[in-house]
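Here are some notes to accompany a first look at this structure. They are arranged as numbered points, going from the sheet to the side chains on it and then to the surface.

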Amino acid sequence: MMTKIEAVIQPSKFDYVKQALIDIGVDGMTASEVRGHGRQKGHTETYHGHEYSVDLLPKIKLEIVIEDKMVDQVVETITRAAATGRIGDGKIFLFKVEEVIRIRNQERGVAAL
Ligand SMILES: Nc1ncnc2c1ncn2[C@@H]1O[C@H](COP(=O)(O)OP(=O)(O)OP(=O)(O)O)[C@@H](O)[C@H]1O
Ligand SMILES: [Mg+2]
């Protein structure tokens, strides 16, 4: 019924991805500054021209919970908006969501998104 999308993207693409998601009607999202590495273990990427001595590079993690029927569109939008074509562009993880509760009025499920 509902899916959580976690997308780890390049910080330089965050504003563009955020606006693209708003444009297709995504109402809520959470964004965090995180550090991570993929299969290159951070070694061959640089960030803003700086070489990081550690192998965890700055990324933005987006968390978005949506109705299942929007998943394909949201995944396509993130994939298009976040892409540079280079390594380190990021990754998208999908999770099933059991329940959502809006604290203000106890609405549940899709109505609470
Ligand atoms: N298996 C994973 N589990 C958790 N987080 C991951 C995983 N793979 C990638 N990430 C997160 O996504 C970020 C971007 O990963 P990245 O795009 O470098 O993946 P990749 O598999 O190395 O692909 P590419 O070859 O295109 O670089 C990482 O810095 C990390 O935060
Ligand atoms: Mg990588």
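1. In this predicted model, a convenient place to begin is the pairing of strand 1 (residues 2-9) with strand 3 (residues 57-67), two strands that run antiparallel and are joined by 8 bridges. Along this pair, glutamate 6 stands opposite glutamate 63 of strand 3, and alanine 7 stands opposite leucine 62 of that strand.

2. Strand 3 is also paired with strand 2, again in an antiparallel manner, and here 7 bridges make the connection. Glutamate 63 of strand 3 appears once more at this point, as the bridge partner of threonine 30.

3. Taken as a whole, the sheet is open and has 4 strands in the order 2-3-1-4, with antiparallel pairing. Strand 2 (30-36) and strand 4 each have a single partner strand, so they stand at the edges, and one side of each is left without a neighbour in the sheet. From one strand to the next, the twist averages 25°.

4. Two helices pack on this sheet, and they are best read together. Helix 1 (residues 14-23) touches strand 1, strand 2 and strand 3, and its direction makes about 5° with that of strand 3. Helix 2 (residues 71-82), for its part, touches strand 1, strand 3 and strand 4, and its direction makes about 5° with that of strand 1.

5. How many salt bridges does a search of the whole structure find? The search finds 7, and one of them joins the side chains of glutamate 67 and lysine 69, with an N to O distance of 3.9 Å. Glutamate 67 counts as partly exposed at 26% relative accessibility, whereas lysine 69 is exposed, its relative accessible area being 69%.

6. Further along the chain, arginine 108 meets glutamate 99 in a salt bridge of 3.4 Å, N to O, and glutamate 99 is partly exposed at 37% relative accessibility. Arginine 102 and glutamate 107 form another, in which the closest N and O atoms are 2.8 Å apart; arginine 102 is partly exposed at 23%, as is glutamate 107 at 31%. In addition, Lys4, Glu6, Lys61 and Glu63 are joined into one network by salt bridges that share partners.

7. A last point concerns the surface, where Met1, Val110 and Leu113 form a nonpolar patch with about 250 Å² of accessible area together. Valine 110 lies in the segment after strand 4 (90-97), and this residue is partly exposed, with a relative accessible area of 31%.

How values were computed
Residues are numbered from 1 along each chain as its sequence is written. Chains are lettered from A and ligands numbered from 1 in the order in which they are written. This is a predicted model: local features need pLDDT of at least 70, side-chain atom pairs count only at pLDDT 80 or more; totals for chains, interfaces and linings use all residues. Side-chain values use heavy atoms; hydrogens and water are left out. Patches are made of residues with over 30% relative accessible area and no salt bridge: like charges are joined within 9 Å, nonpolar side chains (Val, Leu, Ile, Met, Phe, Trp, Tyr) within 5 Å. Accessible areas come from the Shrake-Rupley method with a 1.4 Å probe; for residues, only the protein chains shown count as cover. A salt bridge is a side-chain nitrogen of Lys or Arg within 4 Å of a carboxyl oxygen of Asp or Glu. Buried means under 20% relative accessible area, exposed over 50%, partly exposed in between (1.4 Å probe, protein chains only). Two strands pair if DSSP finds at least two bridges between them. Axes are lines fitted to C-alpha atoms, for helices over the stretch in contact, and angles run from 0 to 180 degrees between N-to-C directions. Contact means heavy atoms within 4.5 Å.
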